[in-house]
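Student: Could you walk me through this structure? I am new to it and would like to start with the charged pairs.

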Amino acid sequence: MKCLYYAVLTLTAGLSTALYKRDDTDSLQAFKGALLVKNGQQTTCEVALMRNTFGFVAANCLDYTDDSAQSVDTSSSYEVAISAGINGTYGTFRVTKLTPNPKYDPVSFANNIAVVQFENGGRPDFVNYIASWRPDWEDLYFVRRTMFNVNTGGWNIPSVTSYSSNADVEGCARASAVFNSNQGDFLCNQLLVPSIYNSSCSVPFGSVYGVSSPDIAIAALYSHSAVYGSGTDGLCGNYKTYSYYTVMRNYMIWATTVVGQRTPVFHAGSADYTEPSDPDYSMKIPSAVDTAISGVSVYGGNTYTLKPKDIESATPSMSTTSQSLSSSSSLESSSSSSEPSLEPVVVDNKSHRLSTMAIVALVVGVVLALLVAVWLVVQRMRKNKPSVMSRVHWWWFFGRHGKQDKESDNNYAMSQFNNRPPSYLTDGWVSKSQKSWEPYGVSQNFESGR
């Protein structure tokens, strides 16, 4: 098993980079997930936790008081709700500071990332690693976390889909100028999941995990969506949609300058691995003219706010299904702007088990029905022709003797009877009224010398 090493970047350049080996894990059970809670309401904005006091969040999930999106509106109340494992509750903590990336462009959504710092309630420190080397990723897990009760910290089982990255690179590039100029900094696909407020509305996944078997670590956060011909329906219409996810690797050094602590990342220790080193890293920011693409509407941030007005007062639903994992390696796109977006094929393991059990039950039922039918036929034959059934002793049904063997045995029994000793009639094991003698009984007695 290959060893996975985790490079911990330090704030001080003079300190050497330490390598940490991580315990094996093959599921989200070992990870804490988090959502940004705004004014007491959950959002679609997932938080990529790094430690128990800070993490990453998409910059377009925040409210600003300026057009440059650098001054966060402090009149809004922000919290970070953290899950324990799949759907356990860890706690909800007040946000103390929000720092958008200084190169964030609210028009194109380039560098769409911010550092969120929050209280920890006196809890012990924990570490969630950020996947830092894209060539390591054998697969990607797209994850959507939701809560059914923010006040009590009730978490649904997350939706998880395995999917190859950027399956339709050309379609992703046509719909987004910032993706076209920075393909190494984004993941893109057409995956959507039903909204917890209304299944007729769809939302993108919130985070992406890079898989380096058997280990996984969070790699990207949802940034924005490009929707063809959506008008005012947002993500609630049946339109072709591309969703984009910001890869966090190049923002790790900047994050250390913000929090003044180590920001943990992992890689598989390959020889060609290079560490991120630029605290001022920036994507190529397209012009406003290039960003505006005819027939395409761009949405980002908290996509729950895009739900129709008639369901504004709706409450989120509680998930009643198990975690599902599917593989959708090739979603085809169309050039038609009115083509509906393609959703992932979800494999429900519970349904598969039920289908298998139903097939087994059907086969068992057919076999039992055949056995009952045979038993009824035999009972009818015994009732209508008892002499026949007594004579053959079931041999006709099991092929123990052929017809010639039975005739030979009967002839032998008759000859033995004619040559019987005087005491034979007193034995009581054969009747004079029988026309055909039992070969087994006769041969047994005569062979024993009777």
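Tutor: Happy to help; we will take salt bridges and then a surface patch, keeping in mind that this is a predicted model.

Student: How many salt bridges does the structure hold?

Tutor: A pair counts as a salt bridge when a side-chain nitrogen of Lys or Arg lies within 4 Å of a carboxyl oxygen of Asp or Glu. For this structure, the number of salt bridges is 5.

Student: Which residue forms a salt bridge with Arg 144?

Tutor: Arg 144 sits in strand E11 (residues 139-144), and its partner is in strand E4 (residues 41-46), 98 residues apart. The closest N and O atoms of the pair are 3.8 Å apart. That partner is Glu 46.

Student: Is Glu 46 buried or exposed?

Tutor: Buried means under 20% relative accessible area. Glu 46 has 3% relative accessibility, and Arg 144 is also at 3%. Because its value is under that cut-off, Glu 46 counts as buried.

Student: Which residues are joined into one network by salt bridges that share partners?

Tutor: We have already met Glu 46 and Arg 144 as a pair. Shared partners bring in another arginine, and the network consists of Glu 46, Arg 144 and Arg 145.

Student: How many residues apart in sequence are the parts that Asp 125 and Arg 51 tie together?

Tutor: The side chains of Asp 125 and Arg 51 meet in a salt bridge, at 3.0 Å from N to O. Asp 125 lies in the loop between strand E9 (114-118) and strand E10 (130-131), while Arg 51 is in strand E5 (residues 48-51), so the parts they tie together are apart in sequence by 74 residues.

Student: What is the distance between the closest N and O atoms of Arg 94 and Glu 119?

Tutor: Arg 94 belongs to strand E8 (residues 88-100), and Glu 119 to the loop between E9 and E10. Arg 94 is partly exposed at 46% relative accessibility, and Glu 119 is partly exposed at 35%. These two form a salt bridge, with the closest N and O atoms apart by 2.7 Å.

Student: What is the accessible area of the nonpolar patch that includes Val 364?

Tutor: Val 364 lies in helix H5 (residues 349-384) and is partly exposed, with 44% relative accessibility. Patch members need over 30% relative accessible area, so Val 364 passes that cut-off. With Ile 359, Val 360, Val 363, Val 367, Leu 368 and Leu 371, Val 364 forms a nonpolar surface patch whose accessible area together is about 640 Å².

Notes. Residues are numbered from 1 along each chain as its sequence is written. This is a predicted model: local features need pLDDT of at least 70, side-chain atom pairs count only at pLDDT 80 or more; totals for chains, interfaces and linings use all residues. Side-chain values use heavy atoms; hydrogens and water are left out. Patches are made of residues with over 30% relative accessible area and no salt bridge: like charges are joined within 9 Å, nonpolar side chains (Val, Leu, Ile, Met, Phe, Trp, Tyr) within 5 Å. Accessible areas come from the Shrake-Rupley method with a 1.4 Å probe; for residues, only the protein chains shown count as cover. Helices (H or I, at least four residues) and strands (E, at least two) are DSSP runs, numbered from the N terminus. Buried means under 20% relative accessible area, exposed over 50%, partly exposed in between (1.4 Å probe, protein chains only).
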